[in-house]
Every structure is written in C-alpha cells, then in structure tokens.
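Thanks for making the time this morning. I would like to walk you through one structure, beginning with a word on terms and then moving from single elements to the way the chains meet.

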Amino acid sequence: MNRLPIRIRLTLAFALAVVVVLASACGFVFVQMRSDMNDSIDGALQTRMTAAISLLDRGAALGVSDAGLLGERDESLAQLLRPDGRMVFALGAVHVAALSGADLRRAARGPIVVERRLPGFDDTARIFAQPAPGRDGRLVVAVGEALTDRNEALSALVRAFVVAGSIAVVLASLVGYALATVGLRPVDTMRRRAAAISLSGEPERLPLGPARDEIRRLGETLNEMLDRLRRSFERERRFVADASHELRSPIAVIKTELEGVLRRGGLGGEQREALAAAVEECDRLAALAEDLLVLARSADGRLPMRPEPLPVAGLLVGARHRFVDRAAERGRAIHVEAPGDLVVMADELRIRQALANLVDNAIRHGDGDIDLRARAAPDGVEIDVTDQGDGFGPDLAARAFERFTRASESRSGDGAGLGLAIVLAIAAGHGGGAAIVEGPRGTTVRLTLPAGPPEHAAALAAADANTAARSQVPLI
Amino acid sequence: MRVLLVEDELRMAAAISRALRAEGIVADVANTGTRGVAMAHGEQYDVLILDVMLPDFDGVEVCRRLRRDNVWVPIIMLTARDAIEDRVRGLDQGADDYVTKPFSLAELLARLRALARRGPVARPTVLEVGGLRLDPATRQVWRDDVEIVLSAREFSLLETFMRRPGQVLSHLQLLDAAWDLGYEQRSNVVEVYIRYLREKVDRPFGLKSIETVRGFGYRLRRDGGA
C-alpha cells in the first residue's frame, strides 16, 4: 500500500469510503423494504385467517366456492391441521402439512408466523397459524402464501443497488482521482520548476500555491533552502574569483623579479636553470589563476563576452598555426576542413582559447593526425576536434568536462585538468555546448556555437568566390 | 632612457623599476594617477608605463588628461589579461601600446624601446582641421560645436581627408581608403559620395572645404573651409 502513488492511495480510500456508505444505505433500505412487504403480506394472511375461521364457525365445509376468499390456489394455501400433523382439510397447491411438528405444537398454544419451503411452491412460503377458536387447541388453522413476488422485488432491489452502486463507486473514484490530481498540482508545478532551476544566474524560486496548506509550507521551506544553497554557492564562486584575482599581482611581481635577476646575469648554470624553471612555473600559475577566474565568472554568467561574427575557417587556421610546429615535433599533422562561408557569433579571444585547449589536449593526450572540421548544423555551427588516439574511455568521458579531471591520477602530467572545463564554460557562455562524440576510432570533442548573421556568411561567400577559393575544399 | 612608472602596487613598482635600472633605464615611480599626471607634465620622459588600476582615477583617465594637455609622451599600459575593455578605452584615449600582467620582462623592454623611438610626436586622438573635428573612436564629427551625422562610408571618406589636410587625393587613393576591392570598376561612387559629404559638411554652414582639383582629385582645405 505504501508503495502506491499518493494519488492512487487517496482514490482508493475515497472509493472505499463510498462503498461503505453506499452499502450501509442499501442494507438499511433493504431491511426496511422487506419488513414493509412482510407487514402487507401479514395483513393479507390475517384477512384470510379471519375468513377461514368464520367459515369454520359457520360449520360450513370449506368448499371450492369459498376458495376465492382464501386466496389463489397455486400461490397460497389454507389448511386445518391436528397437532399431530394430520390434515383435516387442505386447500391450495400444497398437499403436505404446512407446519412442522414443533411449529404445530407452538401454533396450538397461540398464533405464529413462520417462513419455510414447502413442496408445491416455487419459493419460500410465509405461513400464519393459530389455534382454531373454541376447539381447545385440538385444531390449528394455517394460511400461507408463496413469497415469489416479495423475493423477486427484493432481488430486483439488490440488483439495482449493485448496478447503481458500482457506477457510483466508479464515479466517486474518478472524482477522487481528479481532486487528488488538482490538490497535488502545486507539487507538480514546483517539481518541474525545481528541475529547471540552476543555482547560478537569476535567483529563481519555486511557485507557491494560493492555499495556505502543507504544500505551500513545503514550497516555502524549499525556497529558503534554495536561498541558502545559492548563498553558499555564491560564496564559493566569489572566493574562487577573488582568490584567483588576488593571485595575479603576486604572480606578476614574482615573475618580474625572477626575470630581472635572470637578465642581470652573473649566475651559475644551475642557478639560471632553477630561476628559468621558476619563471615557467610562474607562467603556469598565472594561466591557472586566469582559468579559475574564467570558470568562476562563467558560473554566474559574468564572463565578459563580446560576441561578433567570425569566420570559422579563419579561427581553425589560426589554431592550426599556433600548434602546427609542436605537432610536427612529434611527427603529427593538423588538418583544417571548413566551408569558407561559415560564420559563428563568438568572442574571438574566448573561442581561440577554447580551440587552443582542444588542440593542446589532442597533442598531449591523443595520437596521430589532428583534424579540425566545421560544418553548419541545425542549432548553429559544429566544430569537431578529432585525433587518432585511444579515445577517452567511458570512465573519463563521463567526467571529462569537470574541473581538475586528468587522464591519469598521477599529478606528474602537465596541466591542471581545467582545459575541457574551460571549453565547456566558454561554449556555454556563448549559448552553445561542448560534448565528446563517441566514434569508432580516435577522440572527437565537438564544440557547438551559435551561427553568425546570414548576411555575413553571404558576404564571406562572395569574397570567397572572388578569390576563387572553393568552399569545402580543405584549406590546408 | 627615462621612464615614468605609474603603479600603485609598491612591490610591482619596485620589481619593475629594479629591472629597468638594471638595464640602465632611469625609472621614476608615481603611486597615484594625480601624481603621475603632475610628474608627466613636469619632466621630459621617453615612455610612461601606466597601470590601469590606480587608487584615485584609472589609467585611462591619466591618458585622457595628458593628451588633452598636449603631453605626447608614448604610453604603454599594464592591464589584466581579460581586461579588453580597459585596453580598448585606453588605446582610444591616447595610449600607444599595452602588455598584460604577468608580462615577460624582455617583451616589456622591447616595447619600451620601440615606443621611445617614436618620440613625443603629437598623435591627437581627435582629428582637427580648422573648424572640423572628428573622433575615430566614437565615430562622431563636429563643425565648430554642431555635431554632423554621417553614414559609415561618408565618415571613412572624411577621415581619409582629415588625416591628410591640404593634400590632393586621387580617385584611386580615396577608393583604396574607403571602399572594398569589389568597387574597383565603379569609380564614380567617389564623386557621388563627395557630393553627399559636401551636402552635410559644407552646404549647411555656407562653407567650402572639399575642393575639386580638376584632373587629379580632391583636397580638404587646411583651414577647414572658407
């Protein structure tokens, strides 16, 4: 029962209550009606008894001519019995004594009413018996009637009760279900809003129902919880932003001082090496602080963005230029494939950073040649960065876009594991997305960005035609 | 070389000036914008290194005040890596270059040398020819105190003239300066736009500043029209 949804439970309880109420009402009506009908049957039997006794008093033999007074022959009976059960006289469809021995003895002492089955009648008979007056209990008069009509009326009543009752229960269940649904609607509205709420961005709250009930109180409590969560999320974000911001100056000072010492010279080879390494670490630290700042700001939508229409081919070629030497050192090539008229609406600085992170990842963690492909898609422009490595594997793919995720647990590797998190933050900041595309071979990370204005694409296409460049031809 | 460093962070100022002195460069330090402006007025510096974040007013304002007062010392700004807004404003207000923190000392020094070579030549951010004034950053044009609204093409045409007052510019030079390559064959667009420009810049003021030099092209009078 506890596993059933609350709506079903409410409906069942409702239906059960209706069944109980209906059943008691029907039972009461049934009993009342039977007693009324018995009363009227008893009245008729009484009349017949009076007629039978008056005939007996007159000494007349009960003849066929009098049968009308005593009721119809096949549905009724009239008998004069001795207490030992022998029939003095019988009229009607029944040819045995209408009363058992015990009933006869009781009837010899006073009037009784019994119901019993008798051969000759289709249904139970109701029998009224009393001692014949003035015979000192030596004779008993019994009149009776088959209860066919009464029983048929009662069973018709029961049938009507069952049919109408079932319909009533079904209707009641439907109404109960509808009421439960309406009553629980605020909960459902809250649930849907809660599913859509994010802690960053606009401070949204759960909608509250108009009624001051438990559901509203639940909503209020959840809203307070949301506020608390939002505040702590905000504190964390601001901490990261402040910390990385505050780190910038000391890092810059350290780097300047170290480079100053290096430039002044007069150092031994080992000292130079140590200082040069420290300068390199300063750069990494600075990059890390910048990355954290980007992530912290993107988390609350404060990442400064200056989107402008940018030709995708140019961006990809730029990314290739920056990394082609490093790739060549490892015997790997970078290919670019992009239609010349493809334009994205993006912040150049950020997109260059995102592409750089992707290509850098492909060089460091992937294998084989690297392909940068772009194409128009229904929801914007898709840029795929593919290498021929072993892929992410399901484990890593699931958390590749989280902060500080590395391919291996060892910290010896380069990079803080922020690269893909930044890519995702940048893509999301543009209203796009980033995802890992599972393919048969290699690793593909797909960046989706909003497409630029069509007139810009048209202008690019025209310029492209002018310089006799063909679209879809690999640019490199 | 003599350099003024406007930087409020003492450690950063110390680090940079130490490094500069090691290179044989004389470095004075100002800790506030006000002090920086005053020192730039008082002394002849070859280059000014300007941090954008200052306690009183920001580095962009320092640029604006110095250029307004006709101090043409080359200025290099120090900005955060993501502070593009600051860099754009700074460059538009008369700064000449920037490096982002943390910078490479070698690069900063190279840029200092490059800027020092230019010398304190007047490089006004707002062009003025007679009564005509044009601000390339805000894309606004005035004759005396009346602002003139120009289309993008008219604006770039006028800017071309104002950067070369008194020079005769040929059709081809004007086409190159203000039109894409696609317009090459249709050289009469220049005449059309010169007419538009005169309608807006000269006619309403009863002046004549853009002169036709028959057989050569056009010229903007040095006095901005008479």
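When I speak of a helix or a strand, I mean a DSSP run, with at least four residues for a helix and at least two for a strand, numbered from the N terminus. Please keep in mind throughout that this is a predicted model.

With that in hand, look just past helix H4 of chain B, where B:Gly94 takes a positive phi of about 115 degrees. The helix itself, residues 84–92, has as its buried residues B:Asp86, B:Arg89 and B:Gly90. These cover an arc of only 100 degrees around the axis, which puts them on the same side of H4(B). What do the buried residues of H4(B) pack against? They pack against helix H3 (59–68), strand E4 (75–80) and strand E5 (97–101), which belong to chain B as well.

Two of those neighbours lead us to the backbone of chain B. In the loop between H3 and E4 sits B:Asn70, which has a positive phi of about 60 degrees although it is not a glycine. B:Asn70 counts as exposed, because it has 9 C-beta neighbours inside 10 Å, and 12 or fewer is the cut-off for that label. B:Asp144 is another non-glycine residue with a positive phi, here about 50 degrees, and its place is the loop between strand E8 (140–143) and strand E9 (146–148) of chain B. With 10 other C-beta atoms within 10 Å, B:Asp144 is exposed. Following E5 instead, we come to the loop between E5 and helix H5 (105–118) of chain B, where B:Pro102 lies; the peptide bond joining B:Lys101 and B:Pro102 is cis, with omega at about -5 degrees.

Let me stay with chain B for one more helix, H6, residues 152–163. At 1.5 Å a residue, its 12 residues should span 16 Å, and the end C-alpha atoms are 17 Å apart, which agrees. Its buried residues are B:Glu154, B:Leu157, B:Leu158, B:Phe161 and B:Met162. Seen down the axis of H6(B), they fall within an arc of 135 degrees, so they line one face of the helix.

Taking chain B as a whole, we have 8 helices and 12 strands, and of its 226 residues 34% count as buried. Among contacts in chain B between residues at least 6 apart in sequence, 56% join residues at least 24 apart.

Now, how do the two chains touch? In this model, 17 residues of chain B are in contact with 19 residues of chain A. Helix H1 of chain B, residues 10–22, supplies the largest share of the chain B side, 7 residues, and that side divides into 9 nonpolar, 2 polar and 6 charged residues.

Finally, the interior. The largest nonpolar core has 95 residues, of which A:Val312, A:Val423, B:Leu48 and B:Ile49 touch the most other members. Helix H5 of chain A, residues 269–299, gives the most to this core, with 10 residues. Apart from it lies another core, of 27 residues, including A:Met49, A:Leu91, A:Val141 and A:Leu147. Leaving aside residues up to four places away in sequence, the residues that A:Val312 touches include A:Ala338, A:Leu342, A:Ala374 and A:Ile383.

Key. Residues numbered from 1 in each chain as written. Chains lettered and ligands numbered in written order. Predicted model: local features only at pLDDT ≥ 70, side-chain atom pairs only at ≥ 80, totals over all residues. Buried ≥ 20, exposed ≤ 12 C-beta atoms within 10 Å, placed from the backbone. Arc of directions from axis to C-beta. Contact = placed C-beta atoms within 7 Å. Nonpolar A, V, L, I, M, F, W, Y, C, P; charged D, E, K, R; others polar. Core = buried A, V, L, I, M, F, W, Y, C linked by C-beta atoms within 7 Å. Expected span 1.5 Å × (residues − 1).
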